[in-house]
Amino acid sequence: MQASLPDLPPTDVLIIGAGLAGLTAALSLPTTLRVVLLSKGPLSECASAWAQGGIAAVLDADDSLDAHVQDTLNAGAGHCRPEAVRTILAQAPDAMDWLCAHGVPFTRHADGRLHLTREGGHGQRRIAHAADRTGSAVHSALLQACRQRPQLTPVENATALELLTAADGRCTGALVQHAGRLLRWPAQHTVMASGGLGQLYSHTTNPEGSSGDGVAMAWRAGCVVEDLEFLQFHPTALHINGRSVGLVTEALRGEGALLRLPNGQRFMPAYDERAELAPRDIVARAIATEMARHGLGHVLLDITHRPRAWLEEHFPGVSALCAAHGLDLATQAIPVAPCMHYACGGVRAEVDGSTGVMGLSAIGEVACTGLHGANRLASNSLLECVVMGRAAGACLADAVPSKSLMPAPSAPSALSEPLPAQDHGATLAALRQLMQNQVGLVRQGHNLEQALAQIGSWRAALPDHSPCALPLRNRLDTAWLITNAALRRGTSLGAHARSDAPLNAQSLFAR
Ligand SMILES: Cc1cc2nc3c(=O)[nH]c(=O)nc-3n(C[C@H](O)[C@H](O)[C@H](O)COP(=O)(O)OP(=O)(O)OC[C@H]3O[C@@H](n4cnc5c(N)ncnc54)[C@H](O)[C@@H]3O)c2cc1C
């Protein structure tokens, strides 16, 4: 079937994903290159636009690169690639200057200095932010800049299903589903910027498009994937009627919010001396332990010691989220529980996105540079998107010959017959539940073995060469890779907790 598909006019650079990583790369390429930017859903729907807390950067005279590096290495549980950590964090001030130059309205003091907040695992105030809507402020400023570029064509509701490869292994573009049809989009260079994989779980902070497609596609195209067992569960998603309805930023705890049991008692000091500001994995597992111990569906997060006006000024997004669910942040402790949030691992890549497969880069959350190690330090991921996107753009400026005299690519018009609709709903729901229950916050060997066998049997039942099966195949392949990685790592480390093999130094499940 693929041989008879129509080719769209080739483009110079095809970017799969229009989050912060994809937009930054697009804006960092020479304006002479023709660039196509795919978004699986609407352009505004991505994790980047949903980020609340902010971007970590050393911007204060009392702070230092060494301190930021050390906090990152500590959170990463000794599993980071130290050279990648230092390279990325050293570029944070430049990355912030670049974002400010694009007009991002960061929150500032009256004298014009950036206001810095603090998050778990950071020894200093070093989180630049735009109130608690940082992601939306950054994403919309960059999207506006992209729209000014005549050679750049954003295409919404276009899902890459498979990477195209030549006989020598080079990536030559992607097979794309758009408006229910299938087409080949050839490119001199392809950038995978498809974000995270939270939608493989039934409780997640991630948007609909974050289903791990990029990991599966890149893996089948020959990339190495690594550290996929290290999935970060955010400790505090707002939990209403047994469902996660949105993230409650860690900055709330940075500003003094306390975790309590329903009787008002605090529990974090018994788990870690940093209490509510311990790294996320410790806080998430402490909450899960307390929920299990007391048979609770959630615990409470309390910032009622702050005045309403202050909360509305600093946390308008969380205040509005709570209000939408009938909760008043200023007078009530709110119900929170952990849920799947961030993939520390992914497609192995250098800081400039190089993957080892010619013609293919990977940047942003889909990539694994080793910055996060076994557990991400809060607010290092938006930073990584900007640093990688800029580095990838600069690298491709040299590597991709410009076809500047050709017109900008148009949105797809030459299309194949409609792709027959396939209903994979039941398998997808079962997959998400399986991942939540058996490959979740705390894992056990026999559960992982069962999950791997179940995912394996779903994969085996898929038809071999049918493009209709590719959306499901991508999710199953990524779920299989995560589960296999979790099974193979028989000891607990960072965000990967095995109750059948607790941490060497201390059990996180004992008080
Ligand atoms: C609620 C929330 C809050 C967060 N807060 C913070 C924070 O304060 N600070 C911080 O540093 N990090 C935060 N994070 C993490 C951070 O937002 C993400 O790691 C980062 O935005 C990832 O950016 P990205 O460009 O790699 O992916 P995304 O922004 O998720 O963009 C992925 C893009 O790829 C597209 N895509 C996916 N699959 C396909 C496909 N098959 N074909 C075509 N397109 C595809 C999507 O449509 C989307 O356009 C938060 C995450 C969430 C979910």
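The paragraphs below go through strands, single residues, cavities and the ligand surroundings of this predicted model.

Because the model is predicted, local features need pLDDT of at least 70 and side-chain atom pairs count only at pLDDT 80 or more, while totals for chains, interfaces and linings use all residues. Residues are numbered from 1 along each chain as its sequence is written, and side-chain values use heavy atoms, with hydrogens and water left out.

A starting point is strand β9 (181-192). Strands here are DSSP runs of E of at least two residues, helices are runs of H or I of at least four residues, and both are numbered from the N terminus. β9 is mostly covered, with 10 of its 12 residues buried. Buried stands for under 20% relative accessible area, exposed for over 50%, and partly exposed for values in between, using a 1.4 Å probe and protein chains only.

Several strands pair with β9, where pairing requires that DSSP finds at least two bridges between two strands. Strand β1 (residues 11-16) pairs with β9 in the parallel sense over five bridges, and T11 stands opposite A187 of β9. Strand β17 (residues 360-362) also runs parallel to β9, joined by three bridges; here M192 stands opposite A362 in β17. β8 pairs with β9 in the antiparallel sense over six bridges, and H178 has R181 in β9 as its bridge partner. The hairpin of β8 and β9 has two residues between the strands, and A179 takes a positive phi near 50 degrees in it.

From β8 (residues 171-178) the path leads to β7, which is joined to β8 by seven bridges and runs antiparallel to it. One bridge pair is E162 with L175 in β8. The hairpin of β7 and β8 has five residues between the strands, and G169 takes a positive phi near 90 degrees there. Why is strand β7 described as largely enclosed by the rest of the structure? Six of the eight residues of β7 (residues 158-165) are buried, so the strand is largely enclosed. In a regular strand the side chains alternate between the two faces of the sheet.

A separate description applies to an open sheet of three strands in the order β10-β16-β18, with mixed pairing. Its edge strands are β10 (225-226) and β18 (367-368), each of which pairs on one side only. Two bridges join β10 to β16 (residues 346-348), and these strands run antiparallel. Within that pair, V225 stands opposite V347 in β16.

Three single residues illustrate other settings. T205 lies in the loop between β9 and α7 (213-220) and is buried, with a relative accessible area of 14%. Its side chain makes a polar contact of 2.6 Å with the side chain of H341, and another of 3.2 Å joins the side chains of T205 and N206. A polar contact is a pair of N or O atoms within 3.5 Å; within protein, one atom must be able to donate a hydrogen and the other to accept it, and residues adjacent in sequence count only if both atoms are side-chain atoms. R285 sits in helix α9 (residues 280-294) and counts as buried at 2% relative accessibility. The side chains of R285 and D281 are joined by a polar contact of 2.9 Å. A429, in helix α13 (residues 425-438), is partly exposed, with a relative accessible area of 46%. The C-alpha atoms of A429 and R133 are separated by 30 Å, and the two residues are 296 residues apart along the chain.

The structure also holds four cavities of 30 Å³ or more. A cavity is a set of points, on a 1 Å grid over the protein atoms alone, where a 1.4 Å probe fits but cannot get out; lining residues have an atom within 4 Å of a point. Grid points are joined across faces, edges and corners, and a volume is the space filled by probe spheres set on the points. The largest cavity holds about 80 Å³ of space. Its lining includes H115, H129, D132, E255 and W310.

The ligand is surrounded by 40 residues, the closest being S48, G54, D213, E365 and S381; a residue counts if one of its heavy atoms lies within 4 Å. A backbone N or O atom of G54 lies 2.8 Å from a nitrogen atom of the ligand. For D213, a polar side-chain atom lies 2.8 Å from a nitrogen atom of the ligand. A backbone N or O atom of A47 lies 3.2 Å from a ligand oxygen atom.

Key: 1 Å grid on protein atoms, 1.4 Å probe; cavity = no way out; pocket = protein on both sides within 12 Å on 5 of 7 lines; lining within 4 Å.
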